[in-house]
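I opened this structure to see how its parts fit together. My notes follow in the order I looked things up.

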Amino acid sequence: MVKLYNDGKRITAALSGDIDHHAAREMRRELDEVIERSQPELLIIDMENVGFMDSSGIGLIMGRTKLMGECGGRVEVRSPQPYIKRVLRLSGIERIVKIT
């Protein structure tokens with residue numbers, strides 16, 4: 001599930017539940033729509049309430065990073081659970097996305 005908070009220049013996407021192939025597809029659709037419409041400077045992906053993530057979550061973040069780059073913006077991932085933070089670090093995604 002995605003809850004979106006948009007202040008014009010910044011969008012916060014509070015994700016919750018599990019991010020697998022099926023959930024990622026719906027999240028991708030929602031995020032792409034708001035990014036393309038709003039053209040924000042920053043997309044914050046808040047993962048505090050995500051309990052599980054597989055490689056689909058990595059793809060979700062990488063795809064939004066590419067889309068944000070095309071409109072001159074950037075992505076930050078915030079508050080991932082320890083397991084998910086470990087998956088993100090192992091993927092090497094922290095070289096292109098700030099994780100806090």
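I began at one end of the sheet. Two bridges join β4 to β5, and these strands run parallel. Glu76 stands opposite Lys98 in β5. I kept in mind that the model is predicted.

Next I looked up the whole sheet. It is open, has five strands and follows the order β1-β2-β3-β4-β5. The pairing is mixed. Which strands stand at the edges? I found β1 (2-6) and β5 (98-99) there. Each has a single partner strand, so one side of each is left without a neighbour in the sheet.

Then I turned to the helices on the sheet. α2 lies across β2, β3 and β4. I noted an angle of about 175 degrees between α2 and β3. α3 lies across β3, β4 and β5, at about 120 degrees to β3.

I looked up the largest nonpolar core and found 27 residues in it. Leu15, Leu43, Met47 and Leu88 have the most contacts inside this core. The elements giving it two or more residues are β2 (10-19), α1 (21-38), β3 (42-53), α2 (55-70), β4 (74-78) and α3 (82-91).

I picked Met47 for a closer look. Beyond its neighbours within four places in sequence, Met47 is in contact with residues including Ile19, Ile61, Val77, Ile84 and Leu88.

My last entry is on Thr65, in helix α2. Is Thr65 buried or exposed? Its relative accessible area is 17%, under the 20% cut-off, so I marked Thr65 as buried. Not counting residues up to four places away in sequence, Thr65 touches Val75, Ile96 and Val97.

Conventions. Residues numbered from 1 in each chain as written. Predicted model: local features only at pLDDT ≥ 70, side-chain atom pairs only at ≥ 80, totals over all residues. Heavy atoms only, no water. Core = buried A, V, L, I, M, F, W, Y, C linked by side-chain atoms within 4.5 Å. Buried < 20%, exposed > 50% of the residue type's maximum accessible area, 1.4 Å probe, protein only. Helix = DSSP H or I, 4+ residues; strand = E, 2+ residues; numbered from the N terminus. Contact = heavy atoms within 4.5 Å. Pairing = 2+ DSSP bridges. Axes fitted to C-alpha atoms, helices over the stretch in contact; angles between N-to-C directions.
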